[in-house]
Amino acid sequence: YTPPPGPGYDIERARKLLAEAGYPDGKGFPRVKLLYNKEGINEPVAIEIQEMWRKKLGIDVELEKQEFKVYLGTLSSLDYNIAR
């Protein structure tokens, strides 16, 4: 199995799209919550995403860590902004 390529990493395009959407430099962008479960390396990855989006895009990301069973329930109910 060879997975399809992802969207890649293009900060300039992300900044351009944010500006086109009315959020230049992330100004006025609503705070988003990144949901993750506490297993494995999820927490360090979530922290890195939070830092990267803040520094590179000006977007404020709140982290929400949950036990795995609770996390699955939250995913099922679609009660999240972004999930890892």
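Is D25 buried or exposed? Select D25 and show its surface: with 57% relative accessibility, D25 counts as exposed, because exposed begins over 50%. Keep in mind during this tour that you are looking at a predicted model.

**Stop 1: the whole chain**

Zoom out and colour by secondary structure. You should find 3 helices and 3 strands, and if you follow them from the N terminus the order is α-β-α-β-α-β. The C-alpha trace spans about 40 × 35 × 25 Å along its principal axes.

Now switch on the surface. The accessible surface comes to about 6200 Å², and 55% of it belongs to carbon and sulfur atoms. Of the 84 residues in the protein, 19% are buried. Next, think about contacts: among those with a separation of 6 or more, 73% join residues 24 or more positions apart. Finally, colour the charges. There are 13 positive and 13 negative ones, and their mean positions lie 2 Å apart.

**Stop 2: back to D25, then Y23**

Return to D25, which sits in the loop between α1 (11-20) and β1 (32-37). Look at its backbone: D25 has a positive phi of about 55 degrees, although it is not a glycine. Here is some background for that: most residues other than glycine have a negative phi.

In the loop between α1 and β1 you can also select Y23. With 26% relative accessibility, Y23 counts as partly exposed, since that value falls between the 20% and 50% cut-offs. Show the residues around Y23: leaving aside neighbours within four places in sequence, it is in contact with L18, G28, F29 and P30. Then draw a distance from Y23 to I59. These two are 36 residues apart in sequence, and their C-alpha atoms are 9.5 Å apart in space.

**Stop 3: helix α2**

How does the span of helix α2 agree with its 16 residues? Select residues 42-57 and draw a line between the end C-alpha atoms: they are 21 Å apart, which agrees with the 22 Å expected at 1.5 Å a residue.

Which residues of α2 are buried? Colour N42, A46 and L57, the buried residues of this helix. They are on the same side of α2, because they cover an arc of only 55 degrees around the axis. A rule about helices is handy here: an α-helix has 3.6 residues a turn, so residues three or four places apart point the same way.

Turn the view around to the other side of α2, where P44 and K55 are exposed. Then come back to the buried residues of α2 and see what they pack against: α1, β1 and β2 (61-66). Just after α2, pause at G58, which takes a positive phi of about 75 degrees.

**Stop 4: helix α3 and the loop after it**

Select T74 in helix α3. T74 counts as buried, because its relative accessibility is 11% and the cut-off for buried is under 20%. Which residues does T74 touch, not counting those up to four places away in sequence? Show L35, Q66, D79 and Y80 to see these contacts of T74.

Your last selection is L78, in the loop between α3 (68-76) and β3 (82-83). L78 counts as exposed, because its relative accessibility is 64%. Check its backbone too: the phi of L78 is near 60 degrees, a positive value in a residue other than glycine.

Definitions and conventions. Residues are numbered from 1 along each chain as its sequence is written. This is a predicted model: local features need pLDDT of at least 70, side-chain atom pairs count only at pLDDT 80 or more; totals for chains, interfaces and linings use all residues. Side-chain values use heavy atoms; hydrogens and water are left out. Helices (H or I, at least four residues) and strands (E, at least two) are DSSP runs, numbered from the N terminus. Buried means under 20% relative accessible area, exposed over 50%, partly exposed in between (1.4 Å probe, protein chains only). Contact means heavy atoms within 4.5 Å. Accessible areas come from the Shrake-Rupley method with a 1.4 Å probe; for residues, only the protein chains shown count as cover. Lys and Arg count as positive and Asp and Glu as negative; His and the chain ends are not counted. The place of a charge is taken as NZ of Lys, CZ of Arg, CG of Asp or CD of Glu. The expected span of a helix is 1.5 Å times one less than its number of residues. The arc is that of the directions from the helix axis to the C-beta atoms.
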